[in-house]
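Here are some exercises to work through with the coordinates open in your viewer. Try each task before you read its solution.

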Amino acid sequence: MEEAAGDLKQALPSVCDSVQIHVEVHQKSSSVAKKEDIRMSVLKLLNRHNIVFGDYKWTEFDDSFLNSNVQSVSIVDTELKLKDRQPIDLSKSSLSLHIFHLNEEGPRSENLEEENEDIIAANHWVLPAAEFHGLWESLIYETEVKSHLLDYVMTTLLFSDKNVDSNLISWNRVVLLHGPPGTGKTSLCKALAQKLTIRLSYRYRYGQLIEINSHSLFSKWFSESGKLVTKMFQKIQELIDDKDALVFVLIDEVESLTAARSAFKAGTEPSDAIRVVNAVLTQIDQIKRYPNVVILTTSNITEKIDLAFVDRADIKQYIGPPSTAAIFRIYLSCLEELMKCQIIYPRQQLLTLRELEMIGFIENNVSRLSLVLKEISRRSEGLSGRVLRKLPFLAHALYIQSPSVTMTTFLQALSLAVDKQFEERKKLADCV
């Protein structure tokens, strides 16, 4: 009898407790309610719905106070810590509530003056920004890329708070994401900055994201680029001096700023390039002392980055094309959006890969469409995330052109759009 009871216990999902659960509360822009009042109302909501399965989002509330002041309440990032989709008992979990407003203003340009000419040296966002809302969730990776990046920044803060001697244990607050174009490296940097601003709102009132325009910092006047880099970092230093701000410096395609000095030694790089490399490295060494700054960099061509810069990066994370499983999740999120907007109608239930696996990938009325999507995902392998996100649009534009369409018809169109994408790639390759 005890053995049978043990078997039954193994078959049933166990309730996961004693974990830290993050809850993001998006306060309406019109709301002036105190955070503590919102916090108490959200805790009451969670107390009424204390068992959840992974990430969950509320956008409508029985509570009139929440309806008036809160856009959404979201349980987030559970999949980053929990390997199995099992019930979570919120009453036994450590809840971290993050209440935030979105900044609606959009980016502004940071200009540098050179010989009476303004150079747009960077774009500047105040975070959390409406432009990046939902970006983190839309980025799908097979490995634990996102959780590792979050854990990295939290460790930098811990080491700073504990006054760890950086001469004995070195960390530079530099992240390098590298890999082929179109894999979401820049978007991941922006999403990480947004996520951390929300996650650390208890100690920083807002975030600042400075996206440096690397190409603009190469002056058409000989030997001026190094000075421009120094000027740019002086502006960044002013932001860092505000202890209420968490500052992110994003250098996209960092290889254009850190052109390898070996090329200079070989006589193939002008002296201006070496000045830029030296200026960037010097500035990074100066600002790494500050606990409220993180430098985020991306590269498509890692072999062209100066080795001295690569050595300064604490995390060097490869971001490759998505796997079949990741492609399936990307398509699934796109189809959910189209059903929400009623472009695909009526709504159809689609199973996740895990749910398909649980039924042994057997085809029936419930699983049929999901298995079709799985096959389309398999044939899509090799396409970048950027292309995959465009394909539902192209499927509609090229093969449907109707305000509303069934899921079956849309999947047929998506399959044709995938085939066409590979045909076009082959034609381009043949032309080269």
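**Exercise 1. Exposure and backbone of Gln401**

Classify Gln401 as buried or exposed, then find its place in the chain and check its phi.

Solution. Start with the accessibility: Gln401 has 54% relative accessibility, so it counts as exposed. The classes are buried under 20% relative accessible area, exposed over 50% and partly exposed in between, with a 1.4 Å probe and protein chains only. Next, locate Gln401 in the loop between α15 and α16. Helices (H or I, at least four residues) and strands (E, at least two) are DSSP runs, numbered from the N terminus. Finally, the phi of Gln401 is near 55 degrees, a positive value in a residue other than glycine. Most residues other than glycine have a negative phi, and most peptide bonds are trans.

A note on the ground rules: this is a predicted model, in which local features need pLDDT of at least 70 and side-chain atom pairs count only at pLDDT 80 or more, while totals for chains, interfaces and linings use all residues. Residues are numbered from 1 along each chain as its sequence is written, and side-chain values use heavy atoms, with hydrogens and water left out.

**Exercise 2. Other backbone features**

Find where Asp77 lies and decide whether Asp77 is buried or exposed; then identify the peptide bonds that lead into Pro128 and Pro346.

Solution. Asp77 is in the loop between β4 (70–76) and α4 (78–81). Its phi is positive, about 60 degrees, although Asp77 is not a glycine. With a relative accessible area of 8%, Asp77 is buried. Now turn to the prolines. The bond from Leu127 to Pro128 is cis, with omega near 0 degrees, and Pro128 belongs to the loop between β8 (117–127) and α5 (135–138). The bond from Tyr345 to Pro346 is also cis, with omega near 0 degrees; Pro346 lies in the loop between α12 and α13 (353–358).

**Exercise 3. Packing of α12 on α14**

What are the angle and the axis distance between α12 and α14, and which residues make the contact?

Solution. Two packed helices are described by the angle between their axes and the distance between the axes. Here, axes are lines fitted to C-alpha atoms, for helices over the stretch in contact, and angles run from 0 to 180 degrees between N-to-C directions. Helix α12 (residues 324–340) and helix α14 (residues 368–379) pack at about 125 degrees, with axes 9 Å apart. That makes α12 oblique to α14. For the cut-offs, under 35 degrees is roughly parallel, over 145 roughly antiparallel, 65 to 115 roughly perpendicular and the rest oblique.

Then list the contact (heavy atoms within 4.5 Å). From α12 come Thr324, Ile327, Phe328, Tyr331, Leu332 and Leu335, and from α14 come Ser370, Leu373, Lys374, Ile376, Ser377 and Arg378.

**Exercise 4. Packing of α14 on α16**

Which residues of α14 and α16 make their contact, and how do α14 and α16 cross?

Solution. The axes of α14 and helix α16 (residues 407–431) come within 10 Å and cross at roughly 10 degrees. That makes α14 roughly parallel to α16. On the α14 side, the contact has Arg368, Leu369, Val372, Leu373, Ile376 and Arg379; α16 brings Met407, Thr408, Leu411, Leu414, Ser415, Val418, Asp419 and Phe422.

As a last step, look at burial in α16: among its buried residues are Met407, Leu411, Leu414, Ser415 and Val418. The cover over the buried residues of α16 includes α12, α14 and α15 (385–399).

**Exercise 5. Two buried residues and their contacts**

Which residues are in contact with Glu110 and with Gly182, leaving aside neighbours within four places in sequence?

Solution. Begin with Glu110, found in strand β7 (residues 108–114). Glu110 is buried, with a relative accessible area of 14%, and is in contact with Ile119, Ile120, Ala121, Ala122, His124, Met232 and Lys235, leaving aside neighbours within four places in sequence.

Gly182 sits in the loop between β9 (174–178) and α7 (185–199) and counts as buried at 6% relative accessibility. With the same neighbours left aside, Gly182 is in contact with Ser384, Gly385 and Arg386. Gly182 and Leu388 are 206 residues apart in sequence and 9.7 Å apart in space, C-alpha to C-alpha.
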